[in-house]
Amino acid sequence: MPGSNCTQATKFVLAGFTKDPATQVAQFLLFLLTYLVTILGNLGMVALIRASPLLHSPMYYLLGNLAFVNLCTSTIITPRMLAGVLLGEKGITYAGCVAQVFTLGLFVITECFLLATMAYDRYVAVCHPLLYPLVMSPERCSRLVAGSYLLGLTNGVAQTIGMSSLFLCSSSTIDLFFCDISLLISLSTSDTTLSLAILRTSSSLLGVPSILVVLVSYVAIISTVLSISSAEGKRKAFSTCASHLTTVSTFYGALIFMYLIPRSDTSRGGDKWAAVLYTVVTPMLNPFIYSLRNQEVKEAWRR
């Protein structure tokens, strides 16, 4: 129960990474450069996919949506962090914290299902190429993408409801550079049953199934590729999946570390770097991963 000497928070302190001024300057410049590259890379990818007829296919339609989600995820986190370092103001209002919990919950789960859809797209392309135009029709792709956003919205609303049930003291310090629902739960002085139930349910019903879709798809892809007798055929088949597999490994690895591996509050030292990986690094790298390893994208850039 809330203590009598504890008032409901209207503002939180985001601890960030360091208090050393010299290190903060280097941190600011690094994250500013990362964010600028993220903006240019993902906006460029979206514009290229829309403008180039060469990229008007289901795979690039999904990739364009992934670039948009990456752009949103990075924008939710990085500008606020940069402003805090530049102005020396690490506080965030309760409303701002709620907004971060909602939007991050929305876009993280949306990205999970977009990556799962892309894995299924690669499965159909490699294992059932003759059925690909029928299975991955424009109408079905639109429904799959819309479903990804809807599931993300469901998660965002659920996490917001979970946060609203928490009683957080006005002196609360979040040992991260954004408002994370799992850390807010650990800081609560009230009953956390509802918030924990929502977090675990969303992880089980939304996060785990998307991971399973990716795993099953790639098991089938690898089995099919290994049965190809031609070395050139194997190389081409693997090359169509390499970019997506790189993105999936980085993104899901960080999320599993953050939310699915049980550990005590005293052993969360790696959370900041896992959070940086899926909120800052992955959105920056994705456009380059798909551009550098994809001949069609490189040809579209040249044109």
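Here's a quick tour of this chain, from its overall make-up down to a few single residues. Keep in mind that you're looking at a predicted model. The chain has 303 residues, and 48% of them count as buried. Its make-up is 10 helices and 3 strands.

**The big picture**

- If you walk along the sequence, you meet the elements in the pattern β-α-α-β-α-α-α-β-α-α-α-α-α.
- Take the contacts between residues at least 6 apart in sequence: 79% of these join residues at least 24 apart.

**The little sheet**

- The 3 strands form an open sheet, in the order E2-E1-E3 and with mixed pairing.
- Strand E2 (91-93) and strand E3 (173-174) are the edge strands, so each of them pairs on one side only.
- What does "mixed" look like here? E1 and E2 run antiparallel and are joined by 3 bridges, while E1 (residues 11-14) and E3 run parallel and are joined by 2 bridges.
- On the E2 side, Lys-11 has Thr-93 as its bridge partner.
- On the E3 side, Val-13 stands opposite Thr-173, and Leu-14 stands opposite Ile-174.
- The side chains of E1 alternate: Phe-12 and Leu-14 point to one face and are buried, whereas Lys-11 and Val-13 point to the other face and are not buried.

**Helix H3 and its neighbours**

- Helix H3 lies across E1, E2 and E3, and it runs at about 80 degrees to E2.
- Helix H3 covers residues 94-127, and Thr-103 is found in it.
- Is Thr-103 buried or partly exposed? Its relative accessible area is 21%, so Thr-103 counts as partly exposed, given that buried means under 20%.
- Thr-103 also has a partner from further along the chain: Leu-153 is 50 residues away in sequence, but the two are 8.4 Å apart in space, C-alpha to C-alpha.

**Helix H7, with a bend**

- Helix H7 (residues 193-226) has 34 residues.
- From its first C-alpha to its last, H7 reaches 48 Å, close to the 50 Å expected at 1.5 Å a residue.
- Where does H7 bend? At Ser-203, by about 30 degrees.

**A loop residue to find: Ser-137**

- Ser-137 sits in the loop between helix H4 (132-135) and helix H5 (138-164).
- Being in a loop doesn't leave this one out in the open: Ser-137 has a relative accessible area of 15%, so it counts as buried.
- Try finding Pro-58 as well, which is 79 residues from Ser-137 in sequence and 7.5 Å from it in space, C-alpha to C-alpha.

**What the UniProt record adds**

- An unreviewed UniProt entry places the feature "transmembrane region" at residues 28-48, 60-79, 91-116, 207-229, 241-261 and 273-292.
- Look at residues 28-48 in the model: this stretch is 100% helix and 0% strand, with its end C-alpha atoms 30 Å apart.
- Residues 91-116 are 88% helix and 12% strand, and the end C-alpha atoms here are 36 Å apart.
- The strand part of residues 91-116 fits with what you saw above, as strand E2 is at 91-93 and helix H3 starts at residue 94.

Conventions
Residues are numbered from 1 along each chain as its sequence is written. This is a predicted model: local features need pLDDT of at least 70, side-chain atom pairs count only at pLDDT 80 or more; totals for chains, interfaces and linings use all residues. Side-chain values use heavy atoms; hydrogens and water are left out. Helices (H or I, at least four residues) and strands (E, at least two) are DSSP runs, numbered from the N terminus. Buried means under 20% relative accessible area, exposed over 50%, partly exposed in between (1.4 Å probe, protein chains only). The expected span of a helix is 1.5 Å times one less than its number of residues. The bend at a residue is the angle between axes fitted to the seven residues ending there and the seven starting there. UniProt positions are given in the numbering used here, feature names are shortened, and annotations may be inferred rather than shown by experiment. Contact means heavy atoms within 4.5 Å. Axes are lines fitted to C-alpha atoms, for helices over the stretch in contact, and angles run from 0 to 180 degrees between N-to-C directions.
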